[in-house]
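Colleague: I should be grateful for a close look at one part of this protein, together with the places in the chain that bear upon it. Please set that part in the context of the whole fold.

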Amino acid sequence: MKKTLKQTLSKKIEEHRPRTKKLLEEYGDVVVGNVTISQVIGGMRGLKSLVTDISYLDPEEGIRYRGYTLKEVIKSLPKPKGAEMPYVEGLFYLLLTGDFPNQEEVMQVVDEFSKRRIVPRYVYEVIDSFPCCSHPMAIFSTAILTLNRESVFNRQYHAGLSKKDYWEATYEDALNLLAKLPEIASYIYNKLYRQGPRIQSNPHLDMGGNFAHMMGIQNPYDDVSRLHFIIHSDHESGNVSAHTGHLVASSLSDIYLSISAMINGLAGPLHGLANQEVLRWLQEVMDKMGDRVPTEEEMQQFVWDTLNSGQVIPGFGHAVLRKTDPRYMLQREFSLNHLSEDPIFKYADLLYKVVPPILKEHGKAKNPWPNVDAQSGVIQWHYGVTEYDFYTVLFGIGRSIGICANIIWDRALGYPLERPKSITTEMLEKIAGLKDVVETEKH
């Protein structure tokens, strides 16, 4: 009989646990790296202090899932019949196990998600209770939080669950939540922007296809959804959303509490809101250009004028990457195939050609290349999702996949409560050799 995902994952966990135990017991005092004052004050940027085997962000290659590039992931995961993009459920299998599922294995996960889709009535009532004009991320976070009462982990923990089995109850919660997210998100969308009745789920469709169906958008929006959820699913453990999910879960808060907190971190303008800022800026550029597509020379002049006025070009540059974001390139390829005549895409395409050389010449950008946010909003707008605030909800569905996988493994390996130590500014001044100067200034 073919193994289920849970059985396969259980075997992987048993094989992995001795590796972590050996590192802790025999090599726990080995120094990984030094900490500088700029890292302490500057948000711990670049500080090697977290562990995840699920994804790694290489400055030159971009994000890798379980060691595979995004192109390899898109190529190797099974796809629904006639689709360009793979099953999102197959990505979840890969993130958990490190193995690409075959067709039978991915269909097991699709079936599991399908069986767990039903959202309790009280969640819809909570969503309906929000006043109009509420931000969709606030509603999304609250709806997830409300599901806390369904937590398998909470019930089993209070019944005396063994530590080695924490991951199993967390696994059940993760699948239950992930299966419901498209239903919750599409309901929020219809409530806020369509004022129409909820579109019922289609149990015969996969996660991406069913989301497109519930959004009321024709294909190939199903492939747009699959691609969007896959490329946004994880980005190491140090970014705000991933770290927030890990941090909250380290206290043994359940998946619902942890993912709700993650969504709150993602909602900040320095994190998940970036794609809508790019699209808003693009449309302002179009307005200034009289809604006509400019020549390369005209766009070059506009970019220089923007930079010389002290402004930045949204969607270009990345804190870690030093090349074009592979997530951007996958979306660009999709756009060239499906929306090459879209006026907004023509602007995005033109910027892709002219901005990097100008930023290189300008000399202030460490990375002159476009990132994922330079393209994702353009695609959503083309397919009729024109409400900026909802873009981060779409991001949140995808990011939940990777963070749920990470939390399951955190529990499986017994990672402890996260508790870094703080120091005072005066202590830093002493370390820097400024203590005598500070004392003199006091007197």
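Modeller: The account below begins with the whole protein, turns to one helix and its surroundings, and then follows the chain outwards from there.

The model is predicted, and local features are taken from residues with pLDDT of at least 70. The protein contains 21 helices and 3 strands. Its radius of gyration is 23 Å, close to the 22 Å that the globule rule gives for 443 residues, so the protein is as compact as a globular protein of that length. The C-alpha trace spans about 70 × 65 × 45 Å along the principal axes. Buried residues make up 52% of the 443. When contacts between residues at least 6 apart in sequence are considered, 76% of them join residues at least 24 apart. The accessible surface is about 21,000 Å², and carbon and sulfur atoms account for 54% of that area. The side chains include 49 positive and 55 negative ones, and the centres of these two sets are 4 Å apart.

The part chosen for the close look is helix 12, residues 240-249. Of its 10 residues, 7 are buried, so helix 12 is largely enclosed by the rest of the structure. The buried positions are Ser 241, Ala 242, His 243, Thr 244, Gly 245, His 246 and Ala 249. As to what encloses them, these buried residues pack against helix 13 (255-266) and helix 19. An α-helix has 3.6 residues a turn, so residues three or four places apart point the same way. In helix 12 the run of buried residues from Ser 241 to His 246 is unbroken.

The loop that follows leads from helix 12 to helix 13, and Leu 252 is found in it. Leu 252 has a phi near 70 degrees, which is a positive value in a residue other than glycine. With a relative accessibility of 27%, Leu 252 counts as partly exposed, because the buried class ends at 20% and the exposed class begins over 50%.

Helix 19, one of the two packing partners of helix 12, covers residues 391-412. Ala 405 is placed in helix 19 and is buried, with a relative accessibility of 0%. Its contacts, leaving aside residues up to four places away in sequence, are Ile 54, Phe 92, Leu 95 and Leu 96. Ala 405 and Leu 96 are separated by 309 residues in sequence, yet their C-alpha atoms are 5.7 Å apart. Helix 19 is thus described on two counts: the buried residues of helix 12 pack against it, and its residue Ala 405 touches Leu 96.

Glu 387 lies in the loop between helix 18 (373-382) and helix 19. This residue is buried, at a relative accessible area of 17%. Glu 387 touches Tyr 189 and Tyr 193, with residues up to four places away in sequence not counted. The side chains of Glu 387 and Tyr 189 form a polar contact of 2.7 Å. Between Glu 387 and Tyr 193 there are 7.8 Å from C-alpha to C-alpha, against a sequence separation of 194 residues. Helix 9, residues 166-194, is in turn a packing partner of helix 6, as is helix 7 (136-146). The buried residues on the helix 6 side are Tyr 122, Val 123, Tyr 124 and Ile 127.

On the other side of helix 12 in sequence, helix 11 (residues 221-231) holds Asp 222. Asp 222 counts as buried at 10% relative accessibility, and it touches Gly 208, Gly 209 and Ala 212. Pro 220 sits in the loop between helix 10 (207-215) and helix 11. The peptide bond from Asn 219 to Pro 220 is cis, with omega near 15 degrees.

A further buried acid is Asp 325, at 1% relative accessibility, in the loop between helix 15 (296-308) and helix 16 (326-338). A polar atom of the Asp 325 side chain lies 3.2 Å from the backbone nitrogen of Val 372. Asp 325 touches Val 372 together with His 318, Pro 370 and Asn 371.

To return to the chosen part, helix 12 is largely enclosed, with 7 of its 10 residues buried, and its buried residues pack against helix 13 and helix 19.

Terms used
Residues are numbered from 1 along each chain as its sequence is written. This is a predicted model: local features need pLDDT of at least 70, side-chain atom pairs count only at pLDDT 80 or more; totals for chains, interfaces and linings use all residues. Side-chain values use heavy atoms; hydrogens and water are left out. Helices (H or I, at least four residues) and strands (E, at least two) are DSSP runs, numbered from the N terminus. The radius of gyration is taken over C-alpha atoms; the globule rule is 2.2 Å times the number of residues to the power 0.38. Buried means under 20% relative accessible area, exposed over 50%, partly exposed in between (1.4 Å probe, protein chains only). Contact means heavy atoms within 4.5 Å. Accessible areas come from the Shrake-Rupley method with a 1.4 Å probe; for residues, only the protein chains shown count as cover. Lys and Arg count as positive and Asp and Glu as negative; His and the chain ends are not counted. The place of a charge is taken as NZ of Lys, CZ of Arg, CG of Asp or CD of Glu. A polar contact is a pair of N or O atoms within 3.5 Å; within protein, one must be able to donate a hydrogen and the other to accept it, and residues adjacent in sequence count only if both atoms are side-chain atoms.
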